[in-house]
Amino acid sequence: MSARRTIVYWTGFSVILALLIVAPFALPEFWRRFLTEILIWGLLAMSSDILIGYTGMVSFGHSAFFGLGMYGAAAALLTTRPPSLGLAILYGLVAAAAVAAFVAYFSTRLRDIYFAITTLIFSQIFYVIIFTWTDLTGGENGLTFSRPALGIPGLFSVPFTTQTLYWFVLAIVTASYLVLRRVTQSPFGMVLQSIRENETRTRAIGYPVERYKIVAVMLSGLFAGLAGVLYAVQNRFAAPDFVFFLVSGEVVIYNVMGGIGTLVGPILGAGVFLLLREAFSRFFTEFYLIPLGVIFVAMVIFMPQGLLGFMRRWLNR
Amino acid sequence: MLEQILIQTINGIVAGMILALVASGLTLIFGIMDVVNFAHGELFMLGAYVGVITLAATGSFWLALLVASLVIAALGAAIHVTALRPLLGRDPLNTILATFGISLVLQNYALWQFGPVARKIQEPFTGHFNLFYLEYPWYRLVIAALSAAIIGALWLFLKYGTYGVWIRATTQDRVMAQAMGIPVPQVLTVVFAIGAGMAAASGVLFGPLVGVNHAMGLDWVLKAFIVVVVGGMGNLGGSIAAAILISLIESYASLWVSPAQAIIASFVVLILTLLIRPTGLFVPTPK
């Protein structure tokens, strides 16, 4: 990146971040929650962008990582008194990482469409297990719990308000973005991108492609689990619906709408999708997916690089 | 116990034949067009709904079966022309995304049009025969036979029909087929229509066994995906064998656990397949 582009990038980053930080002062309660939700779904979409956009593997199983993050957080919040935020994050990440390791071991043997189908079926396995293991997971009803307080043990502890929760989520999403951006620019990220461009050649050069793919899936699953923890903290419940593969499908939609391989694009895509959903459900009530699905199919056909890619090309012209 | 096992064997084969009918449409579409059809379950579901409507209007089950297949085949052709033909030549992953979008639209359309209450299709005849302590309905055996007949007809069509030969030629080498004067885009549309019609037929046949509702396609498309992966993508014979194998395993498993958990058995088959032979159980060893 040239010096000028670096300056432009960081200026844009700071302006957007500053706008997001002051946003809750200008927004009513409903929209604060809504923005928090966009950020959480955006984090989930961003995590799957590591696979879809950078490694060229379309995962239809991100709901498993997201859901396990949720149930992991639920386990921590239900068993420890008082509920601890740190433990919730820890449990959620461990659960998501364990599942990601399991899925990665099997699914990375396969490529392209087979990878997509396998990840989908794996997420369904976890869905069925969670749905039928009623004693542990509450089955269809899911689990409800109280929200932990924001704090560091022994130092301070304040209960979350909508505003502080928003800032907390914003901080985590921003940090995740910076970490993931660094990862994609690291030698490791370069290898992932070369797998996307030409897997055979990457193998021929001597990179252990399978190992890189496994790490990529685990990294992606870890951040998806983090999104699950945040969602659990925000909504104070965990439900099997979030492990169902339709959630994974929506995550892929966010990616395609926003623009894959950009990290910011998926967050934008999540924002656009949720806003459109909000707008359409005023007119179509629960059938909002009909117009949204049509828009999505049209975007796949006519705008495969997504909103961000489209804007970028338009700006460059 | 032995009786139960025998009964479950018959149940498994019946379910397996329907699953084979769904999966053979899916594997046909994949093998020939490189399209992973996420909307296949929705075509199955809409087929069942068209069957419900035709049955209510005419009272004839067989007419309903025919009309549903034709209507959904036409719908499949329309979907292919509008949404999938523009994606020709792009990465097959694009077709997953497009068909996923289509499945969302169709599923919600069905919910909007027909409401959340399950409908029932009356079976064409209600005879039973005695199977140990059970009164086993003849209809179930008829479904299995009919599914087998439809798949057999498909096979004959692919083997001897003009379009069948074109379809096979397109599978082997799309560019060469085009050069020989075969209208490749039309052939692909016909393939998609045939697959859609087969999904609709299985929807109508299966309708009497369970209720018809807007979400019924979800379970089936997942099972069909498992079958297609276990049988080897694009392999008709393998899909049929895998469908029966998986349905048998699920029936046996449901002797011990609830049917909802029996699905895990087929997941296990899938994982083992991926470990031992990622290309599919019923295909010759790849070179």
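**Chain B, whole chain**

Select chain B and follow the chain from its start: the order of elements is α-α-α-α-β-β-α-α-α-α-α-α-α. That gives eleven helices and two strands. The model on screen is a predicted one.

With chain B still selected, check its overall dimensions. Its radius of gyration is 19 Å, close to the 19 Å that the globule rule gives for 287 residues, so chain B is as compact as a globular protein of that length. Along the principal axes, the C-alpha atoms occupy a box of roughly 60 × 50 × 35 Å. Colour chain B by accessibility, and 54% of the 287 residues count as buried. For a contact map, take the contacts in chain B between residues at least 6 apart in sequence: 74% of these join residues at least 24 apart.

**Chain B, helices α10 and α11**

Next select residues 236-253 of chain B, which form helix α10, and residues 259-276 of chain B, which form helix α11. Their axes come within 8 Å and cross at roughly 140 degrees. An angle over 145 degrees would count as roughly antiparallel, so α10(B) and α11(B) are classed as oblique to each other. The crossing of the two helices is right-handed.

Show side chains at this contact. On α10(B), pick Leu245(B), Ile246(B), Ile249(B), Glu250(B) and Ala253(B). On α11(B), the partners are Ala262(B), Ile263(B), Ala265(B), Ser266(B) and Val269(B). Sorted by class, the contact of α10(B) with α11(B) contains eight nonpolar residues, one polar and one charged.

**Between the chains: α5(A) and α9(B)**

Now select residues 112-132 of chain A, helix α5, together with residues 216-231 of chain B, helix α9. The two helices pack at an angle of about 130 degrees, and their axes are 11 Å apart. That angle makes α5(A) oblique to α9(B). Here the crossing is left-handed.

Which residues make the contact? From α5(A) they are Ile117(A), Leu120(A), Ile121(A) and Gln124(A). From α9(B) they are Leu222(B), Phe225(B), Ile226(B) and Val229(B). By class, the residues of this contact divide into seven nonpolar, one polar and no charged.

**Chain A, Ser123(A)**

Stay on helix α5 of chain A and centre on Ser123(A), which is part of that helix. Is Ser123(A) buried or exposed? Its relative accessible area is 1%, so Ser123(A) is buried. Hide its neighbours within four places in sequence; what remains in contact with Ser123(A) is Phe60(A), Gly61(A), Ser63(A), Ala64(A), Val243(A), Phe245(A) and Ser248(A). For a distance check, draw a C-alpha to C-alpha line from Ser123(A) to Ile89(A): it spans 21 Å, with the two residues 34 apart in sequence.

**Chain A, two positive phi values**

Move to Arg236(A), in the loop between α10 (209-235) and β4 (237-238) of chain A. Arg236(A) is not a glycine, yet has a positive phi of about 60 degrees. Its relative accessibility is 38%, so Arg236(A) counts as partly exposed.

Then select Leu263(A), which sits in the loop between α11 (245-258) and α12 (264-284) of chain A. Leu263(A) also is not a glycine, and its phi is positive at about 65 degrees. With a relative accessible area of 2%, Leu263(A) is buried.

**Chain A, Leu19(A)**

Go to helix α1 of chain A, residues 3-26, and pick Leu19(A). At a relative accessible area of 55%, Leu19(A) is exposed. Measure from its C-alpha atom to that of Val103(A): the separation is 38 Å, and the residues are 84 apart along the chain.

**Chain A, whole chain**

Finish by selecting chain A as a whole, with 14 helices and four strands. A compact globule of 317 residues would have a radius of gyration near 20 Å, and the 19 Å of chain A agrees with this. The C-alpha atoms of chain A fill a box of roughly 55 × 45 × 45 Å along the principal axes. In chain A, 56% of the 317 residues are buried. Of the contacts in chain A between residues at least 6 apart in sequence, 76% join residues at least 24 apart.

Terms used:
Residues numbered from 1 in each chain as written. Chains lettered and ligands numbered in written order. Predicted model: local features only at pLDDT ≥ 70, side-chain atom pairs only at ≥ 80, totals over all residues. Heavy atoms only, no water. Axes fitted to C-alpha atoms, helices over the stretch in contact; angles between N-to-C directions. Parallel < 35°, antiparallel > 145°, perpendicular 65-115°, else oblique. Left-handed = near helix turned anticlockwise from the far one by under 90°. Contact = heavy atoms within 4.5 Å. Nonpolar A, V, L, I, M, F, W, Y, C, P; charged D, E, K, R; others polar. Rg over C-alpha atoms; globule rule 2.2 N^0.38 Å. Buried < 20%, exposed > 50% of the residue type's maximum accessible area, 1.4 Å probe, protein only.
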